[in-house]
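Here is a short tour of the model shown below. Keep the sequence and the structure side by side as you read.

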Amino acid sequence: MTDHAPASGNGLPGKPTAASRTTLSHIMSGNETNLLGTVHGGVIMKLVDDAAGAVAGRHSGGPAVTASMDEMVFLEPVRVGDLVHVKAQVNWTGRSSMEVGVRVLAERWNEAVPATHVGSAYLVFAAVDSDGRPRTVPPVLPETEQDERRHQEAQIRRTHRLASRRAIKELRARKQRERSMPESTG
Ligand SMILES: CC(C)(COP(=O)(O)OP(=O)(O)OC[C@H]1O[C@@H](n2cnc3c(N)ncnc32)[C@H](O)[C@@H]1OP(=O)(O)O)[C@@H](O)C(=O)NCCC(=O)NCCS
């Protein structure tokens, strides 16, 4: 499939998942460690954000900003001398937002052994125009069975994110109203 696939949803032509899928690779060095001597989680999170940002920019054809990052899971420590591969793809698209799924793998830089899955994350990016306002993104077209499963799971996470944001907003509004009500004299 190409960028000129049939339009769906918001009228923009869809783009297949593979069109923007990206891998960012980096060898970990000694200045990226925490006090335990393994690689700092924040260093991995930066790589995750960088890879996801590249994918979101490629898919949306322009600037995109991180709106949220959730479910960052660290499964195994990353060590100095590990060659880390950060694989990212668009799982789901809305009107102006995209969920990007990221998988982090690590292998010894000088050993031919299979890479270990060391972490995963889901990020939401919003495509923005030159004034920083959200702009419409092309719908993602899942290609494989795995892409389709990720698309469906992303839709579930989207529903939960919206529900949780709405519930928190309502709770804060209620608390605000309670605070501004005159105290009962009993
Ligand atoms: C993200 C941002 C563009 C959203 O702008 P907004 O005026 O709230 O616009 P909207 O409410 O229309 O949100 C735009 C889209 O992002 C999604 N979104 C916004 N905040 C979100 C959040 N916290 N989690 C998940 N999705 C979010 C919305 O659901 C919407 O998706 P849709 O168009 O696909 O339905 C704006 O909040 C922003 O610029 N944030 C700062 C981003 C940044 O600087 N990132 C780097 C961090 S250092």
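## Glutamate 71 in β3

Glutamate 71 sits in strand β3. In this predicted model, glutamate 71 is not a glycine, yet its phi is positive, at about 55°. Is glutamate 71 buried or exposed? Residues with 12 or fewer C-beta neighbours within 10 Å are classed as exposed, and glutamate 71, with 10 C-beta neighbours inside 10 Å, counts as exposed.

## The shell around the ligand

Strand β3, residues 64-74, also has a part in the surroundings of the ligand: β3 and β6 (116-127) each supply at least two residues of the shell. Which element gives the largest share? That is β3, with four residues.

In total, 14 residues surround the ligand, and the closest are Ser68, Gly94, Arg95, Ser96 and Ser97. By character, the shell divides into six nonpolar, six polar and two charged residues.

## The annotated domain

For residues 18-131, an unreviewed UniProt entry lists "domain: HotDog ACOT-type". In the model, this span is 46% strand and 18% helix. The C-alpha atoms at the two ends of residues 18-131 are 29 Å apart.

## The nonpolar core

Now turn to the largest nonpolar core, which has 33 residues. Those with the most contacts inside this core are Val48, Ala52, Val100, Val102 and Phe125. The elements giving two or more residues to this core are α1 (41-60), β4, β5, β6 and β7 (140-141). Of these, β6 gives the most, with eight residues.

Valine 100 is a good place to look at the packing in detail. Leaving out residues up to four places away in sequence, valine 100 touches Ala52, Val55, Ala56, Ala88, Gln89, Val90, Asn91, Leu123 and Phe125.

## Two helices to compare

Helix α1 has 20 residues and reaches 28 Å from its first C-alpha to its last, close to the 28 Å expected at 1.5 Å a residue. Its buried residues are Ile44, Leu47, Val48, Asp49, Ala51, Ala52, Gly53, Val55, Ala56, His59 and Ser60. An α-helix has 3.6 residues a turn, so residues three or four places apart point the same way. Just after α1 comes glycine 61, with a positive phi of about 70°.

Helix α2, residues 145-180, has 36 residues and spans 53 Å from its first C-alpha to its last, close to the 52 Å expected at 1.5 Å a residue. Why does α2 lie largely in the open? Of its 36 residues, the number buried is three, so α2 lies largely in the open. The buried residues of α2 are Asp147, Arg150 and Ala154, and they pack against β4 (82-93) and β5 (97-108).

## Serine 25 in β2

One last stop is serine 25, which belongs to strand β2, residues 22-27. A residue is buried with 20 or more other C-beta atoms within 10 Å and exposed with 12 or fewer. Serine 25 has 13 other C-beta atoms within 10 Å and is therefore partly exposed.

Which residues are in contact with serine 25, leaving aside its neighbours within four places in sequence? They are Leu83, Val84 and His85. Proline 13 is twelve residues from serine 25 along the chain, and the C-alpha atoms of the two are separated by 31 Å.

Note on methods: Residues are numbered from 1 along each chain as its sequence is written. This is a predicted model: local features need pLDDT of at least 70, side-chain atom pairs count only at pLDDT 80 or more; totals for chains, interfaces and linings use all residues. A residue is near a molecule or strand if its C-beta atom, placed from the backbone, lies within 6 Å of it. Ala, Val, Leu, Ile, Met, Phe, Trp, Tyr, Cys and Pro count as nonpolar, Asp, Glu, Lys and Arg as charged, and the others, Gly among them, as polar. UniProt positions are given in the numbering used here, feature names are shortened, and annotations may be inferred rather than shown by experiment. The expected span of a helix is 1.5 Å times one less than its number of residues. Two residues are in contact if their C-beta atoms, placed from the backbone, lie within 7 Å. A nonpolar core is a set of buried Ala, Val, Leu, Ile, Met, Phe, Trp, Tyr and Cys residues joined through C-beta atoms within 7 Å.
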